[in-house]
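Trainee: Could you take me through one part of this model in detail? I would like to start at the beginning of the chain and work inwards.

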Amino acid sequence: MDKYKLWNLSFGWSVFLVALITYSLTVEPTASFWDAGEYISTSAKLQVGHPPGAPLFQMIGAFFAMFAVSSESVALMVNFMSVLSSAFTILFLFWTLTLLLKKLPLFNKLETINDRITFFGSAAIGSLCFCFSDSFWFNAVEAEVYAMATLILSLIFWLALRWEEDMNSPRGDRWLVLISFVIGLSFGVHFMGLLTIPAIGMI
């Protein structure tokens, strides 16, 4: 494994752990006062939610609800789905930032330790700023579709940048097939996944 990949993985998973621990310590133990209560109950019992619905979200929520040790902890387990989704969002945001920063002439060569710390530290600070932002943290600790929708957004944009890297290789367009699949899945959570399509078009 080359040094860049090792540093990228190490910093990325470290940022993921910071987000996961932060959101796990602050997760809602019960239902909030808006749609979260509905999402918890419809996920746990696989019922029909309000239109247009979020079938993928509810199926994954039903899986998390299976790990509840009592009826009182069902809400906590479904809320924890948002915790995991948000932590993975921060991970993909970090990897997106490293892909973008690599394009700057300043970071053409990462030969010294100081260069690597500056490069990966910048991406870590950027992703952690989003991690601790008020609106994102708010969605990260309750059973709402926005945490998982943001995960899908960050995943699709990261996949688009990976496609841009391999665009001229013989099998480079396999990334587009995966992007199309994830956009299709996003309709089962929230239509926010469509917002990435203009960005992919620009790429």
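**Helix 1 and the core it joins**

Mentor: This is a predicted model. Start with the buried residues of helix 1: W7, N8, G12, V15, F16, A19, L20, T22 and Y23. They pack against helix 4, helix 5 and helix 6. An α-helix has 3.6 residues a turn, so residues three or four places apart point the same way. Keep that in mind as you read along the buried set.

Now the helix itself. Helix 1 has 24 residues. From first C-alpha to last it spans 35 Å, close to the 34 Å expected at 1.5 Å a residue. At its start, a side-chain oxygen of D2 comes to within 3.2 Å of the backbone nitrogen of Y4.

Follow Y23 inwards. The largest nonpolar core has 56 residues, and Y23, F57 and I179 touch the most other members. Eight helices each supply at least two of its residues: helix 1 (3–26), helix 2 (35–45), helix 3 (55–65), helix 4 (74–101), helix 5 (113–131), helix 6 (134–140), helix 7 (145–166) and helix 8 (174–186). Helix 4 gives the largest share, 13 residues. I179 is in contact with I156, L159, A160, W163 and I200, leaving aside neighbours within four places in sequence.

Next, F16. This buried residue of helix 1 belongs to an aromatic cluster with W13, F88, F92, W95, W158 and W175. Across the whole structure there are 24 aromatic pairs. One of them joins F119 and F120, edge-to-face, with centres 4.8 Å apart and planes at 85°. Both F119 and F120 are buried. F132 and W137 make another pair: their centres lie 5.6 Å apart and their planes meet at 70°, so this pair is edge-to-face too. Here the rings belong to partly exposed residues. F132 has a relative accessible area of 39%, and W137 has 27%.

Last, a polar residue in helix 4: N79. N79 counts as buried because its relative accessibility is 1%, and the cut-off is under 20%. Its side chain reaches the backbone oxygen of E28 at 2.8 Å. Not counting residues up to four places away in sequence, N79 touches V27, E28, P29, T30, I40, V141, E142 and A143.

Note on methods: Residues numbered from 1 in each chain as written. Predicted model: local features only at pLDDT ≥ 70, side-chain atom pairs only at ≥ 80, totals over all residues. Heavy atoms only, no water. Core = buried A, V, L, I, M, F, W, Y, C linked by side-chain atoms within 4.5 Å. Buried < 20%, exposed > 50% of the residue type's maximum accessible area, 1.4 Å probe, protein only. Helix = DSSP H or I, 4+ residues; strand = E, 2+ residues; numbered from the N terminus. Contact = heavy atoms within 4.5 Å. Expected span 1.5 Å × (residues − 1). Polar contact = N/O pair within 3.5 Å; in protein donor to acceptor, adjacent residues only side chain to side chain. Phe/Tyr/Trp six-rings, centres within 6.5 Å; stacked < 30°, edge-to-face > 60°.
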